Every structure is written in structure tokens, then in C-alpha cells.
Amino acid sequence: MRAAVYLDHNATTPVLPEVMEAMSDALGAVGNPSSVHRFGRGARAVLERARTSLTALLEWPDAEVIFTSGGTESNNLAHHQAAKLRHFVTSVEHDSVRACVGLSEHLPVDADGVLDLEALDRRLSEHGAPAWLSVMLANNETGVIQPVAEAARIAHAHGALVHCDAVQAAGKMPVRWDLLGVDLLTLSAHKIGGPPGVGALLARPELSLSAQLRGGGQERGRRPGTENLPGIAGFGVAADVAAARAASYGEKVGALRDGLEDHVRRTAPHARIFGSGAARLANTTCLGLRGLAAETQVMALDLDGIAVSAGSACSSGKVSASHVLRAMGLDDAAAGSAIRVSLGWDTTQHEVDRFLESWSKLASRARDKASAA
Ligand code: PLP
């Protein structure tokens, strides 16, 4: 049997060997970071080392780092800070941003999924009161990169607070806080070679965040509950690796993705590559084959041993029409025919070729179906 090919790195990434080692060391050591004795101090040192790794990854030395249970909790904690403000979010945000506030306004994007900055400026002017903006750095389905720095400048000129979900961007492109200029930023460990169930919210220290949970003084009272020390230790090491790879990730992984897309364009002109007119993450391609449901494609590829996703598919495994593609102006049929292929640092040309071999059969099916119709 041929080895399975994993091309779903935006859903989750394999845990790095050095991360497993750090986690195993942390699991083997006793000590609660809140204890004052030597065991506690040892545990606290692990925690603080990981905090420093995260601030180094973002080149944000004075950030307040709050460890959480993942990107979803971090996004919720971020939004909790301004529950009474009007929330403006791009219409392509992850559900953990879109769903965590009741009163939110969805900002339009263009056909490539890029935030309309003029609309942002206009809506904030019309609102005329302090507001909250959430804009992701890179989209999980298409890889499209948002003009976060420009959006933050506009929002700050209107006195708004700005949050950025950088869960997908971290590890796949350099993410420098000083160039983004946002007030709060979300990270998740399992998207960068760390373990699932750990994340962080980074914030300007002067914001003095308020806790969403109650019942303990951990994380300076911002996030009660005994810290997931093994997970956090692994997160720190994953951040170190991501920082070391950031400069070369685009070239290394992008060469494979671009080759994949060239092949698609040459051999299947009826296929669509969503978001390809915009700057994108180097590892992501969102391919549409009109007339073939995404679930059918995912299952057929799976039978050939290739793992990809349909839609955003990172929460329940159930596939519903992608709100991201709908926001880009696609109808249900087009949005329902899109699969996401996301490569990783260790993806090989052979694996991409295996994908293309299998996908080409689907592309032929879609073409035959269209010509028979
Ligand atoms: N934000 C984005 C852009 C994501 O892609 C995801 C997960 O796929 C999340 C947030 C949620 O992160 P977590 O799985 O750590 O809760």
C-alpha cells in the first residue's frame, strides 16, 4: 500500500520531534508554576521561557502574553475586552471571531477575499464612536493575506482597538508586530508544529486585559486555571522553530505550491483557484471544480490516500457552504465545489505529484460532466 499523503496543514500540523521532547520533559517534571518552592520555580521558568519565545517570534518584546486553550479561546478572550463596543469584523474571519460577539458588523471583501479598506473607513466614520476591529492576517481556507497594517492605521485614526487573528499566518510568513501595529493578536500552537489545545493572546501591556473565566490568579489574573505546562513548553519550542524558518518558508513551500497551481492551470483550465489574484500564504491553494461537490472530491482523494479539506472543516468535520467563498461573491455551487490543499514544511514534490495524479481524475470527471450537461 502506498503511504498516505497529508496535505491538510491548515487544519493541523504534525507535532515537531523537538516539541515532543520538550513536552515529555515537562510532563516528567513535577511542579505547579504558582508554587513558591523550587519545583514551582522550575515550572515557572518553563512558562516564562515559552512566553519569551512567543514575543521573539513576533518581535514584540513588551507584549503581554496570556496562555489559553487555543486560538478559539484567545479570539473569545480578545473580544471579551470590548464587549460593549460595536465590533467590526471582516466577513472572512474564522468562526471563533465571527460567532463570539453578538453585535458585530461584517465588512465586505473583494472577489479575492481582501478587505475593502474604503468600506472600513466609511463604516467607522458613520459609526462615529469608539469601536473594535478584528482582521485576520491570513485566511484559513484561501491563504489570502489581509492588509492588516493599513486596516490598523485606519481603525486607530477612528479611535478603534484592533485585534488580529494570526493563527494561520504564524510560522508560514514573517509576522512582525511592529509592522502590523495591532493592539491584540491571537496564536495557536497546533498550527505551527506544537500540540493542540494551547494558544495565546498577545496584547499591548497598557491594555490591562480583563479575564473571561473566574477562579484563580494565574496569568496575572487574566486567565485563571493551572497552566497546561507541557503544552506551553511545546508551544514555546514550536515558536522557536517557526521563527527560524520564517524567512525561508515562502520560498521552500511556495515553490511546490506554485508548481502545483501551474500544473492545474495547464491541464485543467476549467478549474478555479480562489484568491489567486491576492497575496497569499505560500502553502495554501483553494481549488474549485464546478459540478463536483467538495465532499465527493475529498472522499475520492482520501480513497487514493490523499488528505485535504473541504471548506473550513476545522471544527466539526461537517461541510457547509463556506462563508469565506460566499463573501468573495461565489454562489453556493461554486463555493460547494472548493477544496483546500495546504502543504507543510516537509511536503515533498513526490507528494504533490501524488495529489495531482489523483486530482486530475476528478478534473476530467468535472469536465466530462460539464460537457454532457
Ligand atoms: N483562527 C483561525 C484563522 C483558524 O484557522 C483556527 C483553526 O483552524 C482558529 C482560529 C482556531 O484555533 P484553535 O483550533 O486553536 O482553536
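Here are four short exercises on this predicted model, each with a worked solution.

Residues are numbered from 1 along each chain as its sequence is written. Local features need pLDDT of at least 70 and side-chain atom pairs count only at pLDDT 80 or more, while totals for chains, interfaces and linings use all residues, and side-chain values use heavy atoms, with hydrogens and water left out.

**Exercise 1: the sheet**

Work out the strand order of the open sheet, and find which strands stand at its edges.

Solution. Start with the terms: strands are DSSP runs of E with at least two residues, helices are runs of H or I with at least four, and both are numbered from the N terminus. Two strands pair if DSSP finds at least two bridges between them.

Step 1. Reading across the seven strands gives β2-β8-β7-β6-β5-β3-β4, and the pairing is mixed.

Step 2. β2 (64–68) and β4 (104–107) each have a single partner strand, so one side of each is left without a neighbour in the sheet. From one strand to the next, the twist averages 20 degrees.

Step 3. Now check the pairing at both ends. β3 (residues 86–90) and β4 run parallel, joined by four bridges; Thr90 has Leu107 as its bridge partner in β4. At the other end, β2 and β8 run antiparallel with five bridges, and Glu64 stands opposite Ala203 of β8.

**Exercise 2: strand β8**

Decide how β8 is placed between its neighbours, and whether its residues are buried or exposed.

Solution. Buried means under 20% relative accessible area, exposed means over 50%, and partly exposed lies in between (1.4 Å probe, protein chains only).

Step 1. Besides its pairing with β2, β8 is antiparallel to β7 over five bridges, where Ser188 stands opposite Gly199.

Step 2. Side chains in a regular strand alternate between the two faces of the sheet. In β8, Gly199, Leu201 and Ala203 point one way, whereas Ala200 and Leu202 point the other way.

Step 3. Five of the five residues of β8 are buried, so this strand is largely enclosed by the rest of the structure.

**Exercise 3: helix α3 and the ligand**

Trace what α3 touches, then list polar contacts of the ligand.

Solution. Contact means heavy atoms within 4.5 Å.

Step 1. Helix α3 (residues 71–80) packs on the sheet and touches β2, β3, β5, β6, β7 and β8. Its direction makes about 165 degrees with that of β7 (axes are lines fitted to C-alpha atoms, for helices over the stretch in contact, and angles between N-to-C directions run from 0 to 180 degrees).

Step 2. Seven of the ten residues of α3 are buried, including Gly71, Leu77 and His79.

Step 3. The ligand is surrounded by 15 residues (one heavy atom within 4 Å), and among the closest are Asp165, Ser188 and Lys191. α3 gives the most to this shell, with three residues.

Step 4. For polar contacts, look for N or O pairs within 3.5 Å. Oxygen atoms of the ligand lie 2.8 Å from a backbone N or O atom of Gly71, 2.6 Å from a side-chain N or O atom of Thr72, and 2.8 Å from a polar side-chain atom of Gln168.

**Exercise 4: Gly216**

Locate Gly216 and describe its surroundings.

Solution. Step 1. Gly216 sits in the loop between β8 and α8 (229–267).

Step 2. Its relative accessible area is 33%, so Gly216 is partly exposed.

Step 3. Leaving out residues up to four places away in sequence, Gly216 touches Gly221 and Pro224.

Technical notes. A polar contact is a pair of N or O atoms within 3.5 Å; within protein, one must be able to donate a hydrogen and the other to accept it, and residues adjacent in sequence count only if both atoms are side-chain atoms.
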